[in-house]
Amino acid sequence: MGIRFPGIIPVKQILHRSLSKGTNDNVTKGHFTVYVGDSQFKKHFVVPISYLSHPEFQQLLSQAEDEFGFDHPMGGLTIPCNEDEFVDLTSRLSV
């Protein structure tokens with residue numbers, strides 16, 4: 001009997017779309033690109049795939065799904081949060 005993670009399938013769909021649109025050019029294997037920001041000008045970050053297993057990062061992905069669905073305006077995964085909050089979160093996940 002396997003364990004189901006309800007948020008995993010949408011994450012795979014988002015990543016597949018991001019990768020298929022070529023938004024991850026020059027990204028190291030095991031990483032992916034996200035766009036972060038509340039404003040019209042979003043900054044891109046390259047993050048390790050291991051972040052996908054963290055509940056706090058999954059919460060950000062849920063917010064992105066609620067706001068954008070699977071149609072991200074930047075062509076890649078867009079996370080609707082403040083840049084400083086994102087940096088704070090990812091620095092805690094890196095430890």
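This note goes through a predicted model of one protein chain, point by point.

1. Overall layout. The secondary structure of the protein chain comes to three helices and three strands, and, read from the N terminus on, these elements follow the order α-β-β-α-β-α. Of the 95 residues in the protein chain, 36% count as buried. When you look at the model, it may help to find the strands before turning to the helices and the charged side chains.

2. Strand 1 and its surroundings. Strand 1 covers residues 31-36 and strand 2 covers residues 43-48. Is strand 1 largely enclosed or not? Five of the six residues of strand 1 are buried, so this strand is largely enclosed by the rest of the structure. Strand 1 has pairing partners in both strand 2 and strand 3, and these two pairings are taken in turn below.

3. The antiparallel pairing. Strand 1 and strand 2 run antiparallel and are joined by six bridges. Two places along this pairing can be located by residue: H31 stands opposite P48 in strand 2, and T33 has V46 in strand 2 as its bridge partner. As a general point to keep in mind while viewing, side chains in a regular strand alternate between the two faces of the sheet.

4. The turn between these strands. The hairpin of strand 1 and strand 2 has six residues between the strands, and within this hairpin G37 takes a positive phi near 150°. The loop between strand 1 and strand 2 also holds D38, which is exposed because its relative accessible area is 56%, a value over the 50% that marks an exposed residue.

5. The parallel pairing. Strand 3, made of residues 77-79, runs parallel to strand 1, and three bridges join the two. One residue that shows this pairing is V36, whose bridge partner in strand 3 is I79.

6. A buried residue in helix 2. L61 is found in helix 2. Is L61 buried or exposed? L61 is buried, because its relative accessible area is 5%, and buried means under 20%. L61 and P80 are 19 residues apart in sequence, while their C-alpha atoms are 9.0 Å apart in space.

7. Salt bridges, and the pair K43 and E83. Side chains of opposite charge can pair when their charged atoms come close. How many salt bridges does the structure hold? The structure holds three salt bridges, and one of them is formed by K43 with E83, where the closest N and O atoms are 3.8 Å apart. This pair links distant parts of the chain, since K43 is in strand 2 and E83 is in helix 3, 40 residues apart. K43 counts as partly exposed at 42% relative accessibility, and E83 likewise counts as partly exposed, at 33%.

8. R92 and its partners. R92 forms a salt bridge with E56, and here the closest N and O atoms are 2.9 Å apart. R92 lies in helix 3 and E56 in helix 2, so the pair ties together parts that are 36 residues apart in sequence. R92 also meets the side chain of D88 in a salt bridge, at 3.4 Å from N to O. D88 and R92 both lie in helix 3, four residues apart, which is about one turn of the helix. Salt bridges that share partners thus join E56, D88 and R92 into one network.

9. Exposure of that network. How exposed are the residues of this network? R92 is partly exposed, with a relative accessible area of 44%, and D88 is partly exposed as well, with a relative accessible area of 42%. E56 counts as partly exposed at 35% relative accessibility.

10. The negative patch. Which residues form the negative surface patch? The patch is formed by D38, D66, E67, D84 and E85. Helix 2, residues 55-68, and helix 3, residues 83-93, each supply at least two residues of the negative patch, while D38 comes from the loop between strand 1 and strand 2. The patch therefore excludes residues in salt bridges, because its members must have no salt bridge and over 30% relative accessible area.

Technical notes:
Residues numbered from 1 in each chain as written. Predicted model: local features only at pLDDT ≥ 70, side-chain atom pairs only at ≥ 80, totals over all residues. Heavy atoms only, no water. Patch = residues over 30% accessible without salt bridge, like charges linked within 9 Å, V, L, I, M, F, W, Y side chains within 5 Å. Areas by Shrake-Rupley, 256 points an atom, 1.4 Å probe, with all protein chains shown as cover. Salt bridge = Lys/Arg side-chain N within 4 Å of Asp/Glu carboxyl O. Lys, Arg positive; Asp, Glu negative; His and termini not counted. Charge placed at Lys NZ, Arg CZ, Asp CG, Glu CD. Buried < 20%, exposed > 50% of the residue type's maximum accessible area, 1.4 Å probe, protein only. Pairing = 2+ DSSP bridges.
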